[in-house]
Amino acid sequence: MPPTTRTAFPTQSTPLLTYGLPYPTLTAQHAATTFSAKRIYILISGTLARTTDSLQRLQHALESYPVADMRVVGVRRGMKSHTYWSEVLEVADDVRATGADLLVILGGGTLVDAGKVVGLALANNITTPSALSTFSTTNPNPNPEQEIHPSHLPTIAIPTTLSGGEYSNLAGSTNDTTDEKHLFSTGIRGPQLVILDAELCATTTPARVWLSTGIRAVDHCVETYLQQSSPTGDTENENETEEGEGEASALAKHGLGLLVPGLLKCAADREGKGVEARLDCLLGSVDAMGACLGGGGGAGRGREGVKLGASHGIGHQLGPLGIPHGETSCILLPAVCKYNALHSPPSPTSRQNSLRQFLLRQPAISDVLHARAINKDTADLGDVLDAVIRELGLPRSLSEVGVGREKFDEIAEKSIRDSFCRGNPVPVVRGEQVVEILEMVL
C-alpha cells in the first residue's frame, strides 16, 4: 500500500490522517518534520507496554531519527479505563515536569481522552480534581465568567481501537469520588495527526476489544443518522440514494458500509491476518466520527457539532461501573432503537426504516440474518443490529457484564443529566425512561 497523508475531513485542516507505513516510521517522520519536536512524551496502553515490543519500536524510531536532540523525555504506561481524574492529573504533572513539546498516544479511547484533558490541564494550570471539575460541561454549577485557555500541546494519536475519539475536540473523564463520567469540550483540542496501522491492530488488539469498539463506531453512525433531517422534510424515502442526503447521513451510511462487513470479516479471521478488513474498519471509524460531527468534520470538532442519542448518554454512566465503552453500545444500541420506534409515530418512511433498508442491502448482513433464520421482512432496525452484534459474539445484556436492577436508579439519575439523552430522537429526560431502556437489556 502506498503511503497516504490527507486530512481526515474535507473541510477541516486537522487532524491529518496518515497510513501505509509502519507507525514507528510515520511517528518519527512527523515528529521531526510536521511538529519540529525535540522533547517527546509517550502515553501507551499498559497491555501494549507489558506484552509487546510496541514501545521499544516507537522509542527506537524516534531517538534514531536523524534530527539533533529529538528524544523521549517521559513515558506513561497504562491508565484505568474511563479516564479517571486522578490519573489524568498525574500525567499532566509528569508532562509539565518533563517540558515535553509533543505528546504521542499509542492505544485506545481512554488514553486519547486522557491526552485531551491533559492538554486542557496544562493550558489552564489545573492541578486538582476540584479545579478540573469547574471545566466540565456537565458541571451543575458552571462559572460563566471562567476564562478557559485552549490546549496548546501538539499531539499524535496511534489508535488501536475503533471508538474514534481521536477525531473530536470532546473528551470524557471520570470523577474518582462519584464515579460519574463528565464531558469536557471548551478548551479541548483533539490530536493534530492520527496514524493508522492496521497490522499493529491485527497483531496486538484483542478480538473482543476490536469488535466491541467497532460497534461503538457503528453506534456513532446509527445515532447520528437517526438525528438528521432529510433534505425534503423530517423523514426521507427509504430508497433515497446517498447522493440525495445530507453530508452527515451519507458519511454515516458509508461508514456503516465499511464497518459492518469489515467487523464480520475480522470476527471470522481467527488468525488475525486480515489487515485489509482492519483498515476498512479504521477508515469506517473516521467516517463515523465525521458523521457525528455534522459532516466534513463539524464545527471545530467540538461538542456543538455532535448529535447523538441515549445509547451514548446512558452508556457514559455504565462505563464507570466497569463496562468498556464498546460494550455499552453492544448492549444499549438495539434497545434504544426499539425504544425510539415504540415511542415515535409510526411511519413507513422513517429514518429507522431507511437505515434498516440500507443495512439489508449489505450482503454480509443478509448472510447473518439468513444463518440466524431471521425474517428480513419483519426484522426492524433493532433486530438487525442485534443479529450483527450476536454474530460477533459480543454481550447483549447487562447480566452478562454483572449489572443488576440495584444500579438502575443511580444510572438513571446520572444519565438524565447527559445532553445526549436529552437530544435523543425521543428525548430521555426522566429517570423512568432510562429504567425502561435498562429493563429491555437486563
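Q: How many residues of domain 1 are in contact with how many residues of domain 2?
A: Contact is taken as heavy atoms within 4.5 Å, and the domain bounds come from an automatic or database domain assignment. That assignment gives domain 1 (4-198) and domain 2 (206-230 + 243-440). The model is predicted: local features need pLDDT of at least 70, side-chain atom pairs count only at pLDDT 80 or more, and totals for chains, interfaces and linings use all residues. On this basis, the residues in contact number 37 in domain 1 and 38 in domain 2.

Q: Which three residues supply 24% of the area that domain 1 buries against domain 2?
A: Buried area is the accessible area (1.4 Å probe) that two parts lose on being put together, summed over both. Domain 1 and domain 2 bury about 3,000 Å² between them, with 61% of it on carbon and sulfur atoms. On the domain 1 side, the three residues that supply more than any other three are H82, L162 and A198.

Q: How many salt bridges are counted between domain 1 and domain 2?
A: A salt bridge is a side-chain nitrogen of Lys or Arg within 4 Å of a carboxyl oxygen of Asp or Glu. Residues are numbered from 1 along each chain as its sequence is written, and side-chain values use heavy atoms, with hydrogens and water left out. Between the two domains the count is 1.

Q: Why does the salt bridge of K338 with D380 tie together parts that are apart in sequence?
A: The closest N and O atoms of K338 and D380 are 2.9 Å apart. Helices (H or I, at least four residues) and strands (E, at least two) are DSSP runs, numbered from the N terminus. K338 lies in helix α12 and D380 in the loop between α14 (363-371) and α15 (381-391), so the parts that the pair ties together are apart in sequence by 42 residues.

Q: Which helix supplies the largest share of the lining of the largest pocket?
A: A pocket is an open set of points on a 1 Å grid over the protein atoms alone, where a 1.4 Å probe fits, with protein on both sides within 12 Å along at least five of seven lines; lining residues have an atom within 4 Å of a point. The largest pocket has a volume of about 990 Å³, a volume being the space filled by probe spheres set on the points, which are joined across faces, edges and corners. Its lining draws at least three residues from each of domain 1 and domain 2. The largest share, 6 residues, comes from α8.

Q: Which residues are closest to the centre of the largest pocket?
A: The lining of this pocket comprises 48 residues. Closest to the centre are G108, G109, T110, T161 and S163.

Q: Which peptide bond is cis, with omega near 0°?
A: Most peptide bonds are trans. P15 is placed in the loop between β1 (4-7) and β2 (16-19). The cis bond runs from T14 to P15.
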